[in-house]
Amino acid sequence: TATAEQLIDAVEGLRARQRADGGWSLHSGGSSDAFATGQTLYTLRRLGFSDGDPTIAKGTAWLVKHQEHSGGWGSGGDERARAMWAVLGLVSVDTLT
């Protein structure tokens with residue numbers, strides 16, 4: 001089980017890795033992508049952060065902005081994984097705020 005200090009360090013690390021465009025990348029120096037952004041939003045929301053948090057708001061806006069007309073977030077072999085994590089990041093929206 002993680003200690004409070006470990007959770008704080010993890011959250012600070014995730015916040016520090018958010019890119020200027022609001023998303024996250026799987027790789028250091030890479031472009032924001034739906035896979036990493038969805039995973040990070042899901043994790044932060046599971047840790048209790050809500051839509052009122054600026055980090056969550058920017059990440060959610062990134063996912064919404066980059067969703068394609070087809071409903072997905074890209075093409076290629078990992079398209080389903082990107083879409084799955086993007087949706088998980090979006091559907092864990094805090095309905096109380």
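Here is a walk through one helix pair and the salt bridges of this predicted model.

Let's start with the helices. Two packed helices are described by the angle between their axes and the distance between the axes. Here the pair is α2, running over residues 34–46, and α4, covering residues 79–91; their axes sit 7 Å apart and meet at an angle of about 30°. Angles under 35 degrees count as roughly parallel, so α2 is roughly parallel to α4. The crossing of α2 past α4 is left-handed.

Which residues in α2 and α4 meet? From α2 come A34, F35, G38, Q39, L41, Y42 and R45, and from α4 come A81, R82, W85, A86, L88, G89 and L90. Sort the residues of that contact by type and you get 9 nonpolar, 3 polar and 2 charged.

R45 is worth a second look, as it also turns up in a salt bridge. Its partner is D51, with the closest N and O atoms 2.8 Å apart. Are these two buried or exposed? R45 has 9% relative accessibility, so it counts as buried, while D51, at 24%, counts as partly exposed.

The count comes to 2 salt bridges, and the other one joins the side chains of R15 and D53, at 2.9 Å from N to O. R15 belongs to helix α1 (residues 4–17), whereas D53 is in the loop between α2 and α3 (54–66), so this pair ties together parts that are 38 residues apart in sequence. On the R15 side, a relative accessibility of 30% makes the residue partly exposed; D53 is buried, its relative accessible area being 13%.

Technical notes:
Residues numbered from 1 in each chain as written. Predicted model: local features only at pLDDT ≥ 70, side-chain atom pairs only at ≥ 80, totals over all residues. Heavy atoms only, no water. Axes fitted to C-alpha atoms, helices over the stretch in contact; angles between N-to-C directions. Helix = DSSP H or I, 4+ residues; strand = E, 2+ residues; numbered from the N terminus. Parallel < 35°, antiparallel > 145°, perpendicular 65-115°, else oblique. Left-handed = near helix turned anticlockwise from the far one by under 90°. Contact = heavy atoms within 4.5 Å. Nonpolar A, V, L, I, M, F, W, Y, C, P; charged D, E, K, R; others polar. Salt bridge = Lys/Arg side-chain N within 4 Å of Asp/Glu carboxyl O. Buried < 20%, exposed > 50% of the residue type's maximum accessible area, 1.4 Å probe, protein only.
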